[in-house]
Amino acid sequence: MVVRPRQLSLQMELSRYDVIIIGAGAAGLSAAGVLARRNKRVVVFDMGAQPGRKVLASGGGRCNITNLAVKYDRYFSENPDFVRGAISRVSPYDIINWADSHDIALVEKNAGQYFCADGADVVLDALMHDAHGVDFVYNMAVDCVRKDGDDFIVNGCVARSVIVATGGTSFGALGVSDAGHKIARAFGHRIVPVRPALCALAFDGAPTELAGVSLDAIITIEKRSVRDSLLFTHFGIGGPAAYRASLYDLSCGISINLVPDVDVFAELRNAKKIQGRKTVAGVLGQWMPARVAKWIVGADARNIADVRDAELETIARQTSCLQVAGNKIKYHSMAGAEVVRGGVDTNQVSSKTMESRICPGLYFVGEVLDVAGDLGGFNLHWAWASGRVAGENA
């Protein structure tokens with residue numbers, strides 16, 4: 001039977017704790033579990049009615065708990081080296097071992113991506129079990145953190161350390177706020193401007209007639225590229241390829257290869273010799289959905305034998321180097337984004353402890369920081385790792 005921490009009465013006088021945690025998400029709960037093991041007196045405030053709402057929603061409800069490919073270059077920040085300290089101290093195998101210690105069965109869905117066989121509920125139960133003895137206050141927004149000498153005062157509680165684990169402002173349906181950024185600003189921290197990430201991309205002139213079609217694609221952003229499944233939408237593109245591309249600065253535009261591993265021009269020229277009676281769309285349909293092939297070719301119904309090589313070269317370019325200008329691209333909807341780019345400037349936070357370099361005793365963890373991970377369990381791993389590091393040091 002899972003033992004859940006008691007919920008603290010809201011009718012309380014000023015109470016002293018060792019640590020106050022603001023936010024009962026993945027990072028905050030990870031920190032709470034470590035602090036409980038250290039026998040620290042802890043209170044957690046959360047604006048929602050229950051803890052771990054994003055944990056429960058993650059991985060489609062199956063919780064993509066970690067990824068064996070966790071490495072600093074799978075994270076995005078103005079200061080990309082910042083994550084090195086935490087992820088070197090908390091590895092994917094540490095998380096897998098933690099899951100095993102709680103009898104959580106994991107499934108390797110894709111290479112290196114671990115999901116919970118019995119759903120995300122078991123992860124939340126394990127986190128709350130680790131936090132046994134910690135006080136929780138739900139439905140309580142934190143609007144103000146005051147400093148009085150060496151102490152912090154938050155909603156009638158006083159402690160020497162505060163861990164801000166409020167998350168970002170993505171996924172609004174789960175209840176989010178920019179409270180963590182406001183707290184950081186109040187203590188002199190810079191906030192890197194926030195925008196949606198791990199989200200769909202909208203652009204002018206999107207082929208609405210292809211909405212619902214998916215295919216394997218490579219999206220190139222300057223010298224970097226991502227390869228994954230791409231989904232055409234009524235406003236642009238979605239699916240894992242677009243989500244991963246959204247982590248980058250797209251102001252220089254993107255190039256989309258709709259037929260990876262195929263030399264389209266060479267294949268079209270060859271088809272002209274041996275499949276001359278086929279249409280160009282018919283030939284392209286060997287490597288891509290027919291609707292996409294027809295969209296590329298348009299109304300041209302000529303046999304491929306009657307199409308000049310120069311025209312085939314143009315078609316091949318449209319197929320393997322479909323260009324979308326940066327000024328046409330928009331990151332689609334903060335409400336639908338899985339994470340945000342931006343947050344508390346990590347240059348002002350210790351990568352070894354997660355403690356503020358400006359205000360001793362103040363810690364920042366998880367998505368409230370200017371750290372966004374790639375799709376596939378990287379953001380949850382960052383939450384576990386940064387939360388644990390803060391819990392060991394607060």
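**A pocket, a helix pair and a sheet**

User: How much space lies in the second largest pocket?

Analyst: Happy to help; bear in mind that this is a predicted model. Residues lining the second largest pocket include L29, W98, L127 and W384. The space in this pocket comes to about 210 Å³.

User: Which helix gives the largest share of the lining of that second largest pocket?

Analyst: Four helices each supply at least two lining residues: α1 (26–37), α4 (92–101), α5 (121–130) and α12 (378–393). The lining divides into six nonpolar, two polar and four charged residues. Five residues, the largest share, come from α1.

User: Nice. How are α4 and α12 oriented, roughly parallel or roughly perpendicular?

Analyst: Their axes lie 10 Å apart, and the packing angle is about 90°. Angles of 65 to 115 degrees count as roughly perpendicular. The two helices, α4 and α12, are therefore roughly perpendicular.

User: Which residues of α12 make the contact with α4?

Analyst: On the α4 side, the contact involves P92, D94, I95 and W98. Overall, the contact residues divide into four nonpolar, one polar and two charged. From α12 come H381, W384 and R388.

User: Which strands stand at the edges of the open sheet?

Analyst: The sheet has four strands in the order β1-β11-β10-β9, with mixed pairing. Each edge strand has a single partner, so one of its sides is left without a neighbour in the sheet. The edge strands are β1 (15–16) and β9 (146–148).

User: Which residue in β10 stands opposite D148?

Analyst: Strands β9 and β10 (residues 151–154) run antiparallel and are joined by three bridges. Opposite D148 stands D151.

Terms used. Residues are numbered from 1 along each chain as its sequence is written. This is a predicted model: local features need pLDDT of at least 70, side-chain atom pairs count only at pLDDT 80 or more; totals for chains, interfaces and linings use all residues. Side-chain values use heavy atoms; hydrogens and water are left out. Two strands pair if DSSP finds at least two bridges between them. On a 1 Å grid over the protein atoms alone, a cavity is a set of points where a 1.4 Å probe fits but cannot get out, and a pocket is an open set with protein on both sides within 12 Å along at least five of seven lines; lining residues have an atom within 4 Å of a point. Grid points are joined across faces, edges and corners, and a volume is the space filled by probe spheres set on the points. Ala, Val, Leu, Ile, Met, Phe, Trp, Tyr, Cys and Pro count as nonpolar, Asp, Glu, Lys and Arg as charged, and the others, Gly among them, as polar. Axes are lines fitted to C-alpha atoms, for helices over the stretch in contact, and angles run from 0 to 180 degrees between N-to-C directions. Angles under 35 degrees count as roughly parallel, over 145 as roughly antiparallel, 65 to 115 as roughly perpendicular and the rest as oblique. Contact means heavy atoms within 4.5 Å.
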